[in-house]
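Let's take a walk through this structure together, one stop at a time. Keep the 3D view open and turn it as you read.

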Amino acid sequence: MTGADLFIVMIAMVGGAIRVSTPFMFVALGECLTEKSGRINLGHEGNLVLGAMVAYAGSYTTGSPWLGVLMAGCAGLVLGAMHGWICKLPRVNDIAVGIAFMSFGTGLAFFFGKPYIQPSAPRLEAIPLGDWTGNSSVAQALQVNPLFFVGIALAVFLWWAFRNMRWGLILRMTGDSAASAKAMGVSVDLVRLLATAAGGFLAGVGGAFLSLFYPGSWNEGLSSGQGLMAVALVIFARWDPVRCVFAALLFGAAGAIGPSLQSIGISQGYYFFNAAPYILTLFIMIASARSKGAAREAPGELSIVK
Amino acid sequence: MSAQMIADTATAPTAKRAPSLETAGMTKIFGPLVALDGVSIRVEAGSFHALLGENGAGKSTLVKCIMGFYAADRGAVLLDGREVDVKSPRDARDLGIGMVYQHFTLVPCLTAAENLVISRADAPTIIDWKAEMPKLEAFMARMPFQVPLDRQVSTLSAGEKQKLEILKLLYLDQRFLILDEPTSVLTPGEADEVLGLLGEMAARGEITVLMISHKFREVKAFCDSFTVLRRGRLTGSGDARTATVAEMSSMMIGDTEVRERAERVMHNDRAAVLELAGLCAEDEEGRLAIDRVNLKIRSGEIVGIAGVSGNGQSALVEALAGQRPLSDGGIFIHGKAFEPKRSDFDRFKVFGLPEEPLKNATVPRMSVAENMAFRAFDKPPMTSLGWWLSPGPMRRKAEELISRYRVKTTSPDSPIEALSGGNVQRAVLARELSGEVDVLIVANPCFGLDFASVAEIRSQIMEQRNRGAAVLLVSEDLDEILELSDRVAVMSGGTISYVSPIGETDRNTIGQHMAGH
């Protein structure tokens, strides 16, 4: 491998990390918000796929991809709110409900999404950040979608709000000690319902990115478990939104190894490299399960922590 | 205080003054149980009032009705002589009635400052910490005791948490404080400090305190009036400074017969049975929960381990029971290495009564008979051929133990979780003490039990000692340790910092060692 090849691989990985990480980022932020309230929503895979379908359909019907993004968010919001509402019923297990919603969301998307597989919908426009370099591979890699920046801004905002805003503190309180929240007159169920709904909205937006930007079409094999891996990612990021962004970038870069090696003609182990994010998930889960510090930062009310 | 004066204080503008509180004919019924039966108490403004009673006497129900957790079936709450309608804890807060619960209501992941600010009803949407911190520091400086504001609550000690709970109420400008056994997590020194300072604030007319307590010593030392409840009824009230402990306790217990405590048999020097050599174990986060614990217990001796909760006592009992792996050190019984597993428990005749026995020593949904057979179900006569379990002998054994240890249960087949706390305790004791006992490990055996059960369980422990068992007693109740032990050891910071024969020490010395001095 020459120096030029290495440069191309690196640039392709940076570009890939930015592209691939965005849906991870949104789902992880949504999951982070939900888990901070003391509830876990494993159904974000369903939100993601339904969001992708709704965004594509919305963009096709209205002609505006951004309207599609909003509709995807709303679809996720509805799924999230349903999850939140069912979980507040007595003796309902949030993990089981989440798995049901995973199937429900994807099933719904496949059912209504059939007519939209063929047609071509308007996509989201990227911001060309690398054109000034005059290097085509750099320009290609730095075609950054505005949603990427929205995600980063959102992460920083959440990080700030968890410390400096009333609702942020109440959310953390609810997630860490429901008894304290109740003693303060906070409605735990309502806080969790809102957090799960808002988290669902973000996961839906993550789905919109899949169908409207990268890969940029709607089909049934669109998501490859990003929604589920985002849950692992939140644990890895120890429930910190800013760390979620870095974790998402890391996953994105891992996912971009295969395609970027292929771009310089190395196709050996292509499938192995494609599996990199999943292998990474496995190792991260093992490492974080062994980490004793993680136990301290986990919201105390989470059913996986109790 | 004359009726006229009371009326005057009620009508005067009392914004920042301590209020008085009365309940009139409070009644609360849970299904068939009358938890409160027309209880009327009166707490004068600026007084430090004790609410006494055994477990299940209705003290918690009464304060929960005052706080708006429960809606009383009948009765009213009068604040400064006026009837108030408290429907929820939020209403109580708005009226300036605050409560410190036995369990902490602080949020562990928030800092002390965050906990204080968020507890305010008018917490701003965006919290300007640059402006809030100086205000909080100024508030803290005015208070009789301090807690570091920037520390995460989960890193504070139990005493600091308790102080912060009280500070939170004062921060919210609540002038009627209800404290539910506030000193159970404090060292005697800390307890005296906190209660003393609250007493001074009450004497200055800044606050009124209603304290639920079991400890006569504290009531005598700090309270100026008291009320006693028994089985949901008011059985007495009076001036705490003039009433004697005997009077108060007879109001609490009534005429229940209490079994005589077993005599303490004096043994001559006997051989050490249980030896703990440099025991170390880690907590969930990898920090040392117990750090090189060394202790020898002789046959026919009770060694009481005192300490403020959370100093490694629970971890020590868990390590001895096999619930927590040892990271270093060894346990020896009669000089032979002991591993906390079922075969060794049997071989060395080690028995135990852990704290919270329903959680730690029973399977709640299995029957009383099955739970009582845990030590013997795999041996004859309950098992034949090494694998065939016969329910007949199991049931007969259970019936025998139930009658001998007076376990109150509807049948040996009812699930053990249906029993009251004291009866679960008795059932586990019956199982553990029915054979020959060489080593007995007991943790907080009387926590949450009524007077009669306490006396009975303590006498069972004493009987085992007299028969020659080596007894390790871990207790958060210093009185229990002083009553039962032959030697006292104090645990602080995960290690045993002080050991002394009972005759050569006193409450103060032990208290100082508990505080880590």
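Start where chain A and chain B meet: the interface between these two chains has one salt bridge. Keep in mind that you're looking at a predicted model. Which residues make that bridge? The partners are Arg172(A) and Glu114(B), and their closest N and O atoms sit 3.4 Å apart. There's also a set of polar contacts here, with eight residue pairs counted between chain A and chain B, both residues of a pair being at pLDDT 80 or more.

Now look at what chain A brings to the meeting. Four elements of chain A each give two or more residues to the side that touches chain B: α6 (146–164), α7 (166–176), α8 (178–183) and α14 (292–297). Of these, α7(A) supplies the largest share, with six residues. If you sort the residues on this side of chain A by character, you get eight nonpolar, four polar and six charged.

How many residues does each chain put into the contact? Chain A puts in 18 residues and chain B puts in 26. People often describe the size of an interface by the accessible area that is lost when the parts come together. For chain A and chain B, the buried area is about 2000 Å², and carbon and sulfur atoms give 59% of that.

Let's zoom in on one residue, Met184(A). You'll find Met184(A) in the loop between α8 and α9 (188–212) of chain A. Is Met184(A) buried or exposed? With a relative accessible area of 8%, Met184(A) falls below the 20% cut-off, so it counts as buried. Leaving out residues up to four places away in sequence, Met184(A) touches Met173(A) in its own chain, plus Arg90(B), Arg93(B), Ile118(B), Ser119(B) and Lys168(B) across in chain B. Try finding Ile170(A) as well: Ile170(A) is 14 residues from Met184(A) in sequence, and their C-alpha atoms are 9.9 Å apart in space.

Next, hop over to chain B and find helix α2, residues 59–67. Seven of the nine residues in this helix are buried, so the rest of the structure largely encloses it. The buried ones are Lys59(B), Thr61(B), Leu62(B), Val63(B), Cys65(B), Ile66(B) and Met67(B). Right after α2(B) comes Gly68(B), which has a positive phi of about 85°.

Since we've just met a cysteine, let's stay with that topic for a moment. Cys65(B) has a relative accessibility of 4%, so it counts as buried. Cys280(B) counts as buried too, at 8%. A disulfide is a covalent bond between the sulfur atoms of two cysteines. How many disulfides turn up over all chains? The count is zero.

Stay in chain B and look for Thr362(B), in the loop between α12 (357–360) and α13 (368–372). Thr362(B) is buried, with a relative accessible area of 9%. Where does its side chain reach? The side chain of Thr362(B) comes to 2.8 Å from the backbone oxygen of Leu358(B). Beyond residues up to four places away in sequence, Thr362(B) touches Pro357(B), Asn371(B), Phe374(B), Ile416(B), Val424(B) and Val428(B).

Further along chain B, helix α16 (residues 451–466) holds Glu456(B). Glu456(B) is buried as well, with a relative accessible area of 8%. Its side chain has a partner: a polar contact of 3.4 Å joins Glu456(B) to the side chain of Arg426(B).

Last stop: some unusual backbone spots. Most residues other than glycine have a negative phi, and most peptide bonds are trans. Asp173(B) isn't a glycine, yet it has a positive phi of about 65°. Asp173(B) sits in the loop between α6 (158–171) and β8 (176–180) of chain B, and is partly exposed at 30% relative accessible area. Asn444(B), also not a glycine, has a positive phi of about 40°. This residue lies in the loop between β20 (439–443) and α16 of chain B, and Asn444(B) counts as buried at 9%.

As for peptide bonds, a cis bond links Tyr214(A) to Pro215(A), with omega at about 5°. Pro215(A) belongs to the loop between α9 and α10 (226–236) of chain A. Another cis bond joins Pro380(B) and Pro381(B), where omega is about 5°. Look for Pro381(B) in the loop between α13 and β18 (383–384) of chain B.

Note on methods. Residues are numbered from 1 along each chain as its sequence is written. Chains are lettered from A and ligands numbered from 1 in the order in which they are written. This is a predicted model: local features need pLDDT of at least 70, side-chain atom pairs count only at pLDDT 80 or more; totals for chains, interfaces and linings use all residues. Side-chain values use heavy atoms; hydrogens and water are left out. Buried means under 20% relative accessible area, exposed over 50%, partly exposed in between (1.4 Å probe, protein chains only). A polar contact is a pair of N or O atoms within 3.5 Å; within protein, one must be able to donate a hydrogen and the other to accept it, and residues adjacent in sequence count only if both atoms are side-chain atoms. Contact means heavy atoms within 4.5 Å. Buried area is the accessible area (1.4 Å probe) that two parts lose on being put together, summed over both. A salt bridge is a side-chain nitrogen of Lys or Arg within 4 Å of a carboxyl oxygen of Asp or Glu. Ala, Val, Leu, Ile, Met, Phe, Trp, Tyr, Cys and Pro count as nonpolar, Asp, Glu, Lys and Arg as charged, and the others, Gly among them, as polar. A disulfide is a pair of cysteine sulfur atoms within 2.5 Å.
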